[in-house]
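Hi,

Here is the structure I said I would pass on. Have a look at it first, and my notes follow underneath.

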Amino acid sequence: MLTKIMRPVVLALLCLAFAPAAALAQSKTSPSDKFRQLEEILPTPNEQRAASGAPGRAYWQQRADYQINVELDDVNQRITASETITYHNQSPDTLAYVWLQLDQNIFRQDSDARLTQTTGGFERVPLGQIENLLHAREFEGGYRITAVRDAKGAPLKHTIVKTMMRVDLPQPLAPGASVTFSVDWNYNITNQRKINGRSGYEFFPKDNNYLYEIAQWFPRMAAYNDVSGWQHKQFLGSGEFTLEFGNYRVSITVPDDHIVSSTGVLQNPNAVLTAAQSTRLEQARTAKEPMFIVTPAEALANESHKPTGKKTWIFNADNVRDFAFATSRKFIWDAQGHNVEGNRVMAMSFYPKEGEPLWSKYSTHSIIHTLNVYSRYSFTYPYPIAQSVNGPVGGMEYPMICFNGPRPQEDGTYSAGTKYGLISVVIHEVGHNYFPMVVNSDERQWTWMDEGLNSFLQYLAEQEWEENYPSWRGEPQNIREYMASQNQVPIMTNSESVLQFGNNAYGKPATALNVLRETVLGRELFDFAFKQYSQRWKFKRPMPADFFRTMEDASGVDLDWFWRGWFYTTDHVDISIERVRLFQPLTGNPELDKAARVKERGEQPQTLSQERNKALPKRVDEFPSLRDFYNTYDELVVTERDREQYQRFLQTLTPRERELLQTGLNFYVVDLKNIGGLVSPVIFDIEYTDGTHEMMRIPAEIWRYNNTEVSKLITTSKEIRAISLDPRLETADVDMANNSFPRRPVKSRFQIFKDQQAQPNPMQLLERKQTPAPQPTPTQ
């Protein structure tokens with residue numbers, strides 16, 4: 001609604017433009033201050049974590065080095081292994097025991113994850129789901145720990161607590177000291193097609209072969225840090241992993257016709273590859289396009305016969321927080337060397353023939369593209385290898401290797417969704433090498449710190465793949481439905497308690513960072529701050545406060561309102577233009593001011609009653625003597641007295657004040673209401689009657705005095721035709737219907753279909769069944 005108001009004193013009106021708003025709107029029962037600083041919530045800075053968000057001068061973290069021997073039983077789908085761990089206590093604390101993670105125990109029948117699993121409706125259930133439920137019920141999962149020994153071979157007392165194991169040390173481990181011990185174990189590998197998880201095997205019945213993606217396969221040191229001490233929260237399935245960096249030397253024994261993809265650098269290629277394959281591997285380091293190391297023909301030959309023995313593949317990986325591998329006789333292997341800001345990296349893909357032609361075309365290219373884009377926004381990729389493996393796992397990340405699921409149809413065709421799904425999942429999972437494999441956040445506690453940041457960078461990389469790339473997450477308009485939904489919790493929620501996991505931990509933080517980059521800070525400030533965070537915490541363990549503080553420290557902008565709204569609440573953006581009022585100052589000149597009022601009076605519509613009453617006989621017409629001065633008086637007729645008063649008024653004004661009276665400015669007051677609760681910048685597209693547009697960008701601080709209702713003054717010499725709020729879909733405003741003045745119709749479409757015939761009832765079906773078929777007429 002546009003309300004037009006005339007005011008006689010222009011100077012008072014001009015002062016309104018610079019006057020502060022009213023005091024902060026408050027209620028005794030429901031106080032609201034969305035700009036309240038976060039210092040009372042964030043942990044107090046200390047020597048380990050500085051107030052700037054950087055690691056403190058006394059920052060420390062633990063370290064664990066591993067030597068592992070593992071053998072795959074391809075007949076029984078089983079792992080048997082032993083490891084020697086050297087644990088370095090770099091904390092200021094003396095440790096009487098250490099904790100290890102036993103992630104495979106999540107598959108035990110008595111695991112917390114299995115016992116606390118809930119279900120929705122069970123009215124309609126596919127047969128395949130029943131089969132999977134029965135398989136999981138019968139599967140003997142979990143580690144069988146067969147030995148825990150000290151460096152001299154003596155048994156160590158240990159206690160298994162579900163998915164964790166405490167190892168009691170023979171002597172307390174002092175600060176700066178190290179301890180070495182060994183663990184032997186075995187376990188049954190899960191059928192990933194029947195028991196969903198982050199690793200497992202896939203069986204191919206047509207050629208009677210298996211493909212293994214092996215992760216969370218060895219007892220790993222739990223993290224000990226300055227914030228939570230031992231991070232030994234039980235593994236329930238959603239909260240992933242919190243790990244320490246270390247060096248690995250892993251020997252993997254598999255059937256001699258298998259090809260192995262693994263974290264780390266292969267140490268004995270000549271012992272496990274043919275001469276031709278070793279030559280190709282060297283040639284690939286300088287190749288301009290991905291080339292085959294193991295060709296499709298060689299992979300097909302491997303499928304057709306059984307192994308004659310075993311081979312041991314040896315890998316070294318330095319300064320990694322985890323280790324995973326994949327192995328199969330079905331693997332095709334392609335590779336290309338690539339220079340990532342001075343670091344030579346071998347980008348490699350492993351996939352069965354069922355992945356073709358999609359995988360050889362897109363996987364390795366996607367790896368290289370990811371390394372280029374992510375390195376530009378964070379830090380140079382630090383490892384010598386980056387791999388993508390096709391198998392049963394839909395998408396999962398580990399240092400230097402990731403598992404990705406999309407495949408074409410059996411005939412080799414694929415949909416656009418499959419194509420872009422593969423490119424996107426490779427970008428996402430390779431991108432995890434940066435977050436959390438290098439920026440080593442606590443995944444068990446905060447999923448968003450790796451998934452959210454990585455999904456944001458994934459969006460940036462996708463947009464550099466091709467124009468109009470169909471990104472699923474990142475654009476604010478794509479998160480609006482979730483933001484308006486009821487069944488949600490804040491981003492700052494523990495990983496195991498998150499509702500709508502994908503939207504909460506991936507989509508919402510990715511969108512928030514996009515809004516922060518495009519609308520709040522701008523690209524230059526954001527990119528500098530984000531890179532500072534990435535480089536400050538490379539190979540270290542940041543906490544949420546470190547991210548929040550670094551982004552403010554490096555950008556120079558107070559963002560507490562942004563973190564509070566987007567990360568600590570479930571508020572959403574819904575700003576409404578409630579009304580627009582036009583104020584036009586009177587000049588004081590009666591010739592002009594009264595003429596304008598006469599014009600306005602003439603433009604007023606005649607009411608229905610006025611029109612019908614006009615023809616009625618009037619008493620003053622019957623008795624003219626009833627008429628007096630006021631029957632002909634018009635207050636809008638300019639009098640001599642009006643002119644004299646105007647002249648006296650002019651004599652009191654300075655030249656500047658007289659100039660102000662002649663500006664002819666329009667003063668529009670736009671009344672805004674914050675319906676969704678999430679404070680946001682206000683972005684106007686103002687359309688004038690002369691056809692021109694003006695974009696007005698107002699920081700979120702406009703809401704600092706009143707979080708729910710504000711009025712914005714727009715001063716212009718032009719006449720406004722329309723105002724649009726968030727015209728370029730920057731803020732994730734959930735209701736665009738209230739974003740325009742005047743209101744616009746909400747466009748939608750509906751489907752037309754032909755009326756369906758009623759289905760026959762049971763009686764009709766029975767009668768049809770009992771009615772004999774007509775017999776053919778005999779011919780003469």
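The largest nonpolar core in this predicted model runs to 187 residues. Inside that core, the residues with the most contacts are Trp 185, Trp 217 and Phe 684. Helix H7, residues 358–377, supplies the largest share of the core, with 9 residues.

Next, have a look at strand E20, which covers residues 332–340. Of its 9 residues, 8 are buried, so E20 is largely enclosed by the rest of the structure. E20 has antiparallel pairings with two strands I'd point you to. With E17 (residues 291–294) the pairing goes over 3 bridges, and with E21 (residues 343–351) it goes over 9 bridges. Asp 334 is a handy place to see both: Phe 292 stands opposite Asp 334, while in E21 the bridge partner of Asp 334 is Ser 349. E20 and E21 make a hairpin with 2 residues between the strands, and Glu 341 takes a positive phi near 50° there.

There's also an open sheet of 4 strands, in the order E6-E7-E4-E11 and with antiparallel pairing. Its edge strands are E6 (158–161) and E11 (220–221), each of which pairs on one side only. E6 goes with E7 (residues 164–173) through 4 bridges, again antiparallel. If you want a residue pair to click on, Thr 159 has Arg 166 in E7 as its bridge partner.

On to a helix: where does H11 bend? The bend, about 35°, is at Gly 507, and a proline, Pro 509, follows within four residues. H11 spans residues 501–520, and 15 of its 20 residues are buried, so the helix is largely enclosed by the rest of the structure. Just after H11 comes Gly 522, with a positive phi of about 90°.

Last one, on the surface. Phe 122, Ile 130, Leu 133 and Leu 134 form a nonpolar patch there, and together they have about 340 Å² of accessible area. Leu 133 sits in helix H3, residues 127–138. Is Leu 133 buried or partly exposed? Its relative accessibility is 43%, and because partly exposed covers the range between 20% and 50%, Leu 133 counts as partly exposed.

That's what I have for now. Shout if you'd like to go through any of it together.

Cheers

Terms used:
Residues are numbered from 1 along each chain as its sequence is written. This is a predicted model: local features need pLDDT of at least 70, side-chain atom pairs count only at pLDDT 80 or more; totals for chains, interfaces and linings use all residues. Side-chain values use heavy atoms; hydrogens and water are left out. Patches are made of residues with over 30% relative accessible area and no salt bridge: like charges are joined within 9 Å, nonpolar side chains (Val, Leu, Ile, Met, Phe, Trp, Tyr) within 5 Å. Accessible areas come from the Shrake-Rupley method with a 1.4 Å probe; for residues, only the protein chains shown count as cover. A salt bridge is a side-chain nitrogen of Lys or Arg within 4 Å of a carboxyl oxygen of Asp or Glu. Buried means under 20% relative accessible area, exposed over 50%, partly exposed in between (1.4 Å probe, protein chains only). Two strands pair if DSSP finds at least two bridges between them. The bend at a residue is the angle between axes fitted to the seven residues ending there and the seven starting there. A nonpolar core is a set of buried Ala, Val, Leu, Ile, Met, Phe, Trp, Tyr and Cys residues joined through side-chain atoms within 4.5 Å.
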